[in-house]
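User: I've got a model open and want to check the labels people put on it. Can you walk me through the reasoning?

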Amino acid sequence: MNLANRITIARMLLIPVFILFFAEYPLWLTENSRFFGFIHAYGTYIALGVFILASATDKLDGYIARKLNQITNLGKLLDPLADKLLISVALIMMVQSGMVATWIAVAIIAREFVITGLRMVASEQGIALSADRLGKLKLVLQVTAIAAVLLDNAPFTFIRMVQVDEMLMLAAVALTIYSGIHYLLNNVKLIKLS
């Protein structure tokens, strides 16, 4: 297994770490633990750090794969899967904690299922559908919006009238839906759906 794929797998392994720290009352700690208070108070920020680290490795593994000529079919499968898992888990955890509305998570995750389904059908026909620029921009906006929500609008508290985190999340949903429709319209004609 090459370096790029190892980085992708490491990104996937960071997802359970994110979950461990994001949970409001981590199951792996007892209230008697001397770390309980610290994790309870700062767990979301630790989870945010893990989320940002995992998100940052997306660019790193792609760069290494191209630079060292390590592009593999396994990498083509794992890289988008790691992204989708990270975003989906973060959204589900945030819905559970009441940080985002359920419809936001459903809209974003549903788009990923539809596009993944299209790619699977294309793959069976020997057609490789790669991500387009809108899809990459969508991922950056999703990561930014999730980070802002996890920070509870903290960098923007001086703006009292505007919830920047909510605006970013709505923009991420809008771009997610738009990029999904754009991707479908551009690629569905390349495959046989009958």
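Analyst: Sure. A helix here is a DSSP run of H or I with at least four residues, numbered from the N terminus. Leu-74 sits in one of these, helix α3. Bear in mind that this is a predicted model.

User: Why does Leu-74 count as partly exposed?

Analyst: Partly exposed is the range between under 20% and over 50% relative accessible area. Leu-74 comes in at 37%, so that's its class.

User: What makes the nonpolar surface patch, and what is its area?

Analyst: Met-1, Leu-74 and Leu-77 make it, and it covers about 310 Å². Patch members need over 30% relative accessible area, and Leu-74 has 37%.

User: How do you know how α3's span sits against the expected one?

Analyst: The expected value is 1.5 Å times one less than the number of residues. For the 24 residues of α3 that gives 34 Å, and the run from first to last C-alpha is 35 Å, which is close. After α3 comes Gly-98, with a positive phi near 80°.

User: On to α1. Why is Thr-8 called buried?

Analyst: The cut-off for buried is under 20%, and Thr-8 has a relative accessibility of 2%, so it qualifies. Thr-8 belongs to helix α1. Beyond its neighbours within four places in sequence, Thr-8 is in contact with Asp-61, Leu-78, Asp-79 and Ala-82.

User: What makes Arg-11 and Asp-61 a salt bridge?

Analyst: The rule wants a side-chain nitrogen of Lys or Arg within 4 Å of a carboxyl oxygen of Asp or Glu. Here the closest N and O atoms are 2.7 Å apart, which passes. The bridge joins Arg-11 in helix α1 to Asp-61 in helix α2, 50 residues apart. Arg-11 is buried because its relative accessible area is 1%, and Asp-61 is buried because its value is 3%.

User: Which distance puts Arg-11 and Asp-83 in a salt bridge?

Analyst: Their closest N and O atoms are 3.2 Å apart, against a limit of 4 Å. This pair runs from Arg-11 in helix α1 to Asp-83 in helix α3, 72 residues apart. Asp-83 has 13% relative accessibility, so it counts as buried too.

User: How do you know that Lys-84 and Glu-112 meet in a salt bridge?

Analyst: N to O is 3.1 Å, and the limit is 4 Å. Lys-84 is in helix α3 and Glu-112 in helix α4, so the bridge ties together parts 28 residues apart in sequence. Both Lys-84 and Glu-112 are buried. Elsewhere, Arg-11, Asp-58, Asp-61, Asp-79 and Asp-83 form one network through salt bridges that share partners. The full count of salt bridges is seven.

User: Which residues of the largest nonpolar core touch the most other members?

Analyst: Phe-18, Phe-51, Ile-87, Met-94, Ile-146 and Met-169, out of 39 residues. Helices α1, α2, α3, α4, α5 and α6 each give two or more residues to this core, and α5 gives the most, with ten.

User: What is Ile-146 in contact with?

Analyst: Setting aside neighbours within four places in sequence, Ile-146 is in contact with Phe-51, Ile-87, Ala-90, Leu-91, Met-94 and Met-169. Another core of six residues lies apart from the largest one, and includes Ile-115, Ala-122, Tyr-183 and Ile-191.

Key. Residues numbered from 1 in each chain as written. Predicted model: local features only at pLDDT ≥ 70, side-chain atom pairs only at ≥ 80, totals over all residues. Heavy atoms only, no water. Core = buried A, V, L, I, M, F, W, Y, C linked by side-chain atoms within 4.5 Å. Buried < 20%, exposed > 50% of the residue type's maximum accessible area, 1.4 Å probe, protein only. Contact = heavy atoms within 4.5 Å. Patch = residues over 30% accessible without salt bridge, like charges linked within 9 Å, V, L, I, M, F, W, Y side chains within 5 Å. Areas by Shrake-Rupley, 256 points an atom, 1.4 Å probe, with all protein chains shown as cover.
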